[in-house]
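Student: I have a chain open on the screen and would like to go through it with you, starting with one residue and then widening out. Could you take my questions as they come?
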Amino acid sequence: MTDVARLAGVSAQTVSRVSNGFPGVLESTRQQVLAAMKELGYRPNSAARALKRGEFRTLGVILFNMSTTGNMRTLEAIALSAAREGYATTLLPVTVPTRDEVRGAFTRLGELAVDGIVIVMEVHLLDSATVTLPPHAQVVVVDSNAGDRYCVVDTDQVGGARAAVDHLLGLGHHTVWHVAGPEDSFSAEGRVSSWRTALAEAGRPVPRLLRGDWSAESGYHAGLRIACDPQCTAVFAANDQMALGVLRALHECGRRVPQDVSVVGFDDIPEAASFAPPLTTVRQDFTEVGRRCVESVLRQIRNGVAERGTSLVAPRLVVRASTAAPPGG
């Protein structure tokens with residue numbers, strides 16, 4: 001580093017700031033330092049820096065399901081937020097969310113040397129006594145109700161589902177059918193509970209629940225059942241992909257959207273506005289969820305104190321052309 005500083009005509013501290021990616025260095029100076037590094041063949045030693053600072057500037061992410069839109073967009077938001085703070089991200093996907101798999105993931109993260117951990121959940125694993133996270137680990141959990149034991153960041157699932165149901169009832173629909181996500185998904189169960197509560201509080205009948213697996217195919221099969229019931233005029237699907245399947249089934253069965261049946265999704269994926277018709281949906285702010293995750297875990301790292309409690313990010317209903325008043329309404 002001293003040789004680089006001498007060749008570039010700057011201080012060793014400036015070389016350190018450039019090599020660590022810190023702001024506040026003039027672009028011309030940064031280019032001088034980079035040119036000197038290249039000429040001398042200098043590469044910063046991250047392991048040495050970590051030993052000197054006592055930190056690795058890396059966050060570990062344990063992810064239980066890489067196939068869902070929500071999880072992948074949350075992961076992207078976490079990685080981008082971490083990068084803005086000068087932290088790298090190490091991903092460890094866990095295909096089978098069992099106690100042994102989780103323990104193995106923590107062991108591997110320990111070997112890879114991370115400063116904190118973000119767990120993106122899709123199951124009730126942390127909500128039971130079967131898994132206990134390592135003591136003193138700086139942890140943030142996404143999509144769980146374990147806020148009494150850990151720091152949890154999540155979308156307000158209940159509020160989002162309530163907005164979808166209230167929107168449909170407000171248009172004049174007598175009741176709302178629901179295509180739910182898997183039973184082992186915390187977010188799916190939160191939306192189911194909110195759907196039932198909203199209908200009960202409005203004094204409306206609660207139709208039989210239909211289950212999907214987040215895929216458009218499962219939404220299609222649920223939609224075929226819905227299309228056979230002429231009493232159904234409104235559907236709330238637990239995600240946009242299942243809503244897409246519902247739209248296809250209704251179309252094939254000759255039921256028009258929204259003239260005969262209104263459909264609402266959840267997530268607001270980038271393609272939602274291009275569905276036929278454009279989909280009314282509940283937008284999750286994945287960027288804010290990721291930002292809060294990183295903010296929370298870094299605060300714990302810096303303070304050396306684990307946090308508890310739940311931080312909810314408010315979703316927003318986006319009204320498009322897939323919802324309208326019921327026939328004759």
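Student: Is Arg 248 buried, exposed or partly exposed?
Tutor: In this predicted model, Arg 248 counts as partly exposed, because its relative accessibility is 41% and that class covers values between the 20% limit for buried and the 50% limit for exposed.

Student: Where does Arg 248 lie, and what is it in contact with if I leave aside neighbours within four places in sequence?
Tutor: Arg 248 lies in helix H10, and once the neighbours within four places in sequence are left aside, it is in contact with Glu 217 and Tyr 220. The C-alpha atom of Arg 248 is also separated by 7.8 Å from that of Gly 223, a residue 25 places apart from it along the chain.

Student: What does H10 supply to the largest nonpolar core?
Tutor: Helix H10 supplies 5 residues, the largest share of that core. The core as a whole has 24 residues, and those with the most contacts inside it are Val 179, Ile 226, Val 235, Leu 250 and Val 263. Strand E6 (177-180), helix H9 (216-227), strand E8 (234-237) and helix H10 (240-252) each supply at least two residues of this core.

Student: Take Val 235, then: which residues is it in contact with, again without the neighbours within four places?
Tutor: The contacts of Val 235 include Leu 168, Val 176, Trp 177 and Val 179, and further along the chain Ile 226 and Val 246. Val 261, Ser 262, Val 263 and Val 264 are also in contact with Val 235.

Student: Which residues does the second core include?
Tutor: That core is separate from the largest one and has 19 residues, among them Tyr 87, Val 140, Val 294 and Val 297.

Student: Now the sheet. What is the strand order, and which strands are at the edges?
Tutor: The open sheet is formed by 6 strands in the order E7-E6-E8-E9-E10-E12, with mixed pairing. Its edge strands are E7 (210-211) and E12 (316-318), each of which pairs on one side only.

Student: How do E8 and E9 run, and how many bridges join them?
Tutor: Strands E8 and E9 run parallel and are joined by 3 bridges, with E9 covering residues 262-267. Ala 234 stands opposite Ser 262 in E9.

Student: Which helix packs on the sheet, and at what angle to E9?
Tutor: Helix H7, residues 157-170, packs on the sheet and touches E8, E9, E10 (280-283) and E12, while its direction makes about 165° with that of E9.

Student: Let me switch to backbone oddities. Where are the cis peptide bonds?
Tutor: One is the peptide bond from Val 257 to Pro 258, with omega near 10°, and Pro 258 is found in the loop between H10 and E9. Another is the bond from Ala 276 to Pro 277, with omega near -5°, and Pro 277 is found in the loop between E9 and E10.

Student: And what about phi of Trp 214 and Asp 267?
Tutor: Phi of Trp 214 is near 80°, a positive value in a residue other than glycine, and Asp 267 has a positive phi of about 125° although it is not a glycine either. Trp 214 is found in the loop between E7 and H9, whereas Asp 267 is found in strand E9.

Student: Why does Trp 214 count as buried, and does the reason hold for Asp 267 too?
Tutor: Trp 214 counts as buried because its relative accessibility is 11%, which is under the 20% limit. Asp 267 is buried because its relative accessible area is 7%.

Student: One charged side chain before we stop: where is Glu 288, and what does its side chain join?
Tutor: Glu 288 is found in helix H11, residues 286-303, and a polar contact of 2.8 Å joins its side chain to that of Arg 292. Glu 288 is buried, with a relative accessible area of 18%.

Student: And Arg 30, buried or partly exposed?
Tutor: Arg 30 is partly exposed, with a relative accessible area of 31%, and its place is in helix H3, residues 27-40. Leaving aside neighbours within four places in sequence, Arg 30 is in contact with Val 18 and Val 25, and the C-alpha atoms of Arg 30 and Val 18 are separated by 6.2 Å.

Technical notes: Residues numbered from 1 in each chain as written. Predicted model: local features only at pLDDT ≥ 70, side-chain atom pairs only at ≥ 80, totals over all residues. Heavy atoms only, no water. Core = buried A, V, L, I, M, F, W, Y, C linked by side-chain atoms within 4.5 Å. Buried < 20%, exposed > 50% of the residue type's maximum accessible area, 1.4 Å probe, protein only. Contact = heavy atoms within 4.5 Å. Pairing = 2+ DSSP bridges. Axes fitted to C-alpha atoms, helices over the stretch in contact; angles between N-to-C directions. Polar contact = N/O pair within 3.5 Å; in protein donor to acceptor, adjacent residues only side chain to side chain.
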